[in-house]
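This report describes one protein model, beginning with a loop residue and ending with the overall fold.

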Amino acid sequence: MAATQSTMLALGTQAPDFSLTDVRTGKKVSPKDFAGAKGLLVMFICAHCPYVKHIQQEIARVGKDFGPRGIAIIAVGSNDAVNYPDDGPAGLKAQAEAQGFNFAYVYDESQEAAKAYRAACTPEFYLFDQSQKLYYRGQFDESRPKNTVPVTGKDLRAALEALLAGAAAPADQKPSLGCNIKWKPGNEPDYFG
């Protein structure tokens with residue numbers, strides 16, 4: 001299980017836009033749909049990655065805790081579904097239903113959304129403020145599949161609480177760590193070089 005770190009997109013970056021289909025509702029979803037929300041959390045996750053599986057129940061809890069408080073949430077699956085069929089729309093839908101996700105979960109077949117966010121791994125988290133400027137990007141917490149640290153979402157939850165309180169962005173933001181995004185052959189981005 002080779003671990004890949006997030007690229008740490010620059011704070012203050014405007015949320016890149018996309019329009020992708022929600023795997024459960026069939027409706028198009030875009031960050032622009034949530035203009036005026038207190039914050040926007042964009043997560044790159046998938047169904048098969050052990051790092052995502054390790055925290056997916058807590059991801060569902062974060063959705064239930066912060067969605068009602070005005071945080072808009074979009075999960076994005078960008079993996080190559082030809083070589084990783086569990087990460088295609090049907091697999092993502094099954095994951096969302098099994099975990100009780102209460103937020104949009106879209107499939108990024110072209111992988112252009114992942115590239116726009118400079119996403120590198122699953123899971124990866126991007127929290128934008130009310131103006132959709134990047135406020136936090138980094139790890140969920142210190143827990144990993146092979147360590148004994150409890151899954152709490154501590155880092156992301158602290159950033160969400162700070163954002164809702166109108167506080168400055170957390171100074172200490174650690175990269176997320178997980179499985180690399182499964183790029184389609186020949187579609188690898190150029191930001192790793």
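Gln 132 lies in the loop between S8 and S9. Helices (H or I, at least four residues) and strands (E, at least two) are DSSP runs, numbered from the N terminus. The model is a predicted one, in which local features need pLDDT of at least 70 and side-chain atom pairs count only at pLDDT 80 or more, while totals for chains, interfaces and linings use all residues. Residues are numbered from 1 along each chain as its sequence is written, and side-chain values use heavy atoms, with hydrogens and water left out.

**Loop residues and backbone**

Gln 132 is not a glycine, yet its phi is positive, at about 60°. The residue counts as buried, with a relative accessibility of 9%. Buried here means under 20% relative accessible area, exposed over 50%, and partly exposed in between (1.4 Å probe, protein chains only). Accessible areas come from the Shrake-Rupley method with a 1.4 Å probe, and for residues only the protein chains shown count as cover.

Met 8 is likewise not a glycine and has a positive phi of about 60°. Met 8 is placed in the loop between strand S1 (4-5) and strand S2 (20-22).

Pro 123 sits in the loop between strand S7 (121-122) and S8. The peptide bond from Thr 122 to Pro 123 is cis, and its omega is near 0°.

Gly 166 follows H4 and has a positive phi, near 80°. Its place is in the loop between H4 and strand S10 (177-180). Gly 166 is exposed, at a relative accessible area of 66%. From Gly 166 to Asp 129 the C-alpha distance is 9.5 Å, with their positions 37 residues apart in sequence.

**Helix H4**

The buried residues of H4 are Asp 155, Leu 156, Arg 157, Ala 159, Leu 160, Ala 162 and Leu 163. These buried residues pack against strand S4 (39-44), H1, strand S5 (71-77), strand S8 (124-128) and strand S9 (134-138). Contact means heavy atoms within 4.5 Å. For Asp 155 the relative accessible area is 13%.

**Salt bridges**

Seven salt bridges are found in a search of the whole structure. A salt bridge is a side-chain nitrogen of Lys or Arg within 4 Å of a carboxyl oxygen of Asp or Glu. The table gives three of the pairs, with the N to O distance.

| Positive partner | Negative partner | N to O distance |
|---|---|---|
| Arg 61 | Glu 58 | 2.7 Å |
| Arg 157 | Glu 58 | 2.8 Å |
| Lys 154 | Asp 155 | 3.6 Å |

Glu 58 pairs with Arg 157 in a salt bridge. This pair links distant parts of the chain, with Arg 157 in helix H4 (residues 154-164) and Glu 58 in helix H1, 99 residues apart. Arg 61 and Glu 58, by contrast, both belong to helix H1 (residues 50-66) and are three residues apart, about one turn of the helix. An α-helix has 3.6 residues a turn, so residues three or four places apart point the same way.

Within the Arg 61 and Glu 58 pair, Glu 58 is buried, with a relative accessible area of 7%. Arg 61 is partly exposed, at 42% relative accessibility. A network of salt bridges links Glu 58, Arg 61, Asp 65 and Arg 157.

**Overall fold**

How many helices and strands does the protein have? The secondary structure comes to four helices and ten strands. Along the sequence, the pattern is β-β-β-β-α-β-α-β-α-β-β-β-α-β. The radius of gyration is 15 Å, close to the 16 Å that the globule rule gives for 193 residues, so the protein is as compact as a globular protein of that length. The radius is taken over C-alpha atoms, and the globule rule is 2.2 Å times the number of residues to the power 0.38. The C-alpha trace spans about 45 × 40 × 35 Å along its principal axes.

Of the 193 residues, 51% count as buried. Among contacts with a separation of 6 or more, 80% are accounted for by residues 24 or more positions apart. The protein exposes about 8,400 Å², of which carbon and sulfur atoms supply 52%.

There are 21 positive and 21 negative side chains, and the centres of the two sets lie 3 Å apart. Lys and Arg count as positive and Asp and Glu as negative, while His and the chain ends are not counted. The place of a charge is taken as NZ of Lys, CZ of Arg, CG of Asp or CD of Glu.
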